[in-house]
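Hi,

Here is the structure I promised to pass on. Have a look at it first, and then read on for what turned up.

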Amino acid sequence: MSKRWYVLHARSGYEAKVKLAIEESVEREGLTEVLGEIMIPTEQVVELKDGQKKTAERKFFPGYMLIHMELTEKSWLAVKNTTNVIGFIGGVSGKPSPITQREVDKIMARVQEGADKPKPKVAYQPGEEILVIDGPFNEFNGTVEAVDYEKNLLKVEVLIFGRTTPVELEFSQVTKT
């Protein structure tokens with residue numbers, strides 16, 4: 001039997017504690033050869049706090065984690081009986097079904113992409129009202145016209161002296177109103 005990837009549902013906010021508890025349980029039970037990696041899929045996000053750019057981690061699927069393991073009765077019980085584990089996703093009771101390698105690859109690619117290029121914590125949509133909080137247009141209101149997530153730029157129509165003027169602003173220079 002070989003290791004496969006399974007989706008594990010845990011109490012939201014307890015993913016890191018569950019991961020540690022599973023690793024300790026598997027070590028205690030002598031099942032280290034059947035357990036591989038436990039992954040909590042996250043991405044890097046950039047947020048503005050007190051005028052400073054801060055990078056933080058955000059979970060893709062809060063309350064869910066991936067576990068690479070060989071499914072045996074003992075390994076299943078060791079994982080399933082861990083505190084704050086709700087259960088496996090998919091399959092039938094007592095026999096969870098693994099996810100496909102294609103699904104795992106997509107999640108891994110998304111994790112890698114998030115590590116390479118942090119995303120903004122806030123998503124903007126054309127037509128949204130924003131407030132400029134930094135730069136020469138500080139404290140002006142505007143309307144989002146276009147969003148460029150690759151460059152973290154917004155094209156905004158700002159009302160200056162009774163006329164709308166198109167300006168390009170970084171995500172960190174604006175906030176939603």
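Which residue forms a salt bridge with Glu 15? It is Lys 59, and the closest N and O atoms of the two are 3.6 Å apart. Before you get attached to any of this, keep in mind that the model is predicted. This pair links distant parts of the chain, with Glu 15 in helix 1 and Lys 59 in strand 4 (residues 52-59), 44 residues apart. The two ends sit in rather unlike surroundings: Glu 15 is buried, at a relative accessible area of 1%, whereas Lys 59 is partly exposed, at 33%.

**The other salt bridges**

The count comes to four salt bridges. Another of them is between the side chains of Arg 58 and Glu 43, at 3.0 Å from N to O. Arg 58 belongs to strand 4 and Glu 43 to strand 3 (residues 42-49), so this pair ties together parts that are 15 residues apart in sequence. Here again a buried acid meets a partly exposed base: Glu 43 has a relative accessible area of 5% and counts as buried, while Arg 58 is partly exposed at 31%.

Then there is Lys 155, which forms a salt bridge with Glu 168, the closest N and O atoms being 3.7 Å apart. Lys 155 is in strand 10 (residues 153-160) and Glu 168 in strand 11 (residues 163-170), which puts them 13 residues apart. In this pair Lys 155 is partly exposed, with a relative accessible area of 45%, and Glu 168 is partly exposed too, with 49%.

**The overall build**

Stepping back, the chain has three helices and twelve strands. Its radius of gyration is 22 Å, well over the 16 Å that the globule rule gives for 177 residues, so the chain is more spread out than a compact globule. If you want to picture the outline, the C-alpha atoms fill a box of roughly 70 × 30 × 25 Å along the principal axes. Of the 177 residues, 33% count as buried. And among contacts between residues at least 6 apart in sequence, 59% join residues at least 24 apart.

**The four-stranded sheet and its core**

One open sheet has four strands in the order 2-5-1-6, with antiparallel pairing. Strand 2 and strand 6 stand at the edges with a single partner strand each, so one side of each has no neighbour in the sheet. From one strand to the next, the twist averages 30 degrees. Strand 1 and strand 6 pair in the antiparallel sense over four bridges, and His 9 has Gly 87 in strand 6 as its bridge partner. Helix 2 lies across strand 1, strand 5 and strand 6, and runs at about 135 degrees to strand 6.

Where does the largest nonpolar core get its residues? The elements that give two or more are strand 1 (4-10), helix 1 (15-29), strand 2 (35-39), strand 5 (64-69), helix 2 (73-80) and strand 6 (85-89). This core has 20 residues, and those with the most contacts inside it are Leu 8, Ile 22, Ile 67, Met 69 and Phe 88. Met 69 is a good one to click on: leaving out residues up to four places away in sequence, Met 69 touches a list that includes Tyr 6, Leu 35, Trp 76, Val 79 and Phe 88.

**The second core and the strands there**

A second, separate core has twelve residues, among them Tyr 124, Ile 130, Val 144 and Leu 169. Two of those names come up again in the strand pairing. Strand 8 (residues 129-132) and strand 9 (residues 141-148) run antiparallel and are joined by three bridges, with Ile 130 opposite Gly 142 in strand 9. Strand 9 also pairs with strand 10, again antiparallel, over six bridges, and Val 144 stands opposite Val 156 in strand 10. The hairpin of strand 9 and strand 10 has four residues between the strands, and in it Asn 152 takes a positive phi near 55 degrees.

If you open just one thing, try the Glu 15 and Lys 59 salt bridge.

Cheers

Definitions and conventions. Residues numbered from 1 in each chain as written. Predicted model: local features only at pLDDT ≥ 70, side-chain atom pairs only at ≥ 80, totals over all residues. Heavy atoms only, no water. Core = buried A, V, L, I, M, F, W, Y, C linked by side-chain atoms within 4.5 Å. Buried < 20%, exposed > 50% of the residue type's maximum accessible area, 1.4 Å probe, protein only. Contact = heavy atoms within 4.5 Å. Pairing = 2+ DSSP bridges. Axes fitted to C-alpha atoms, helices over the stretch in contact; angles between N-to-C directions. Rg over C-alpha atoms; globule rule 2.2 N^0.38 Å.
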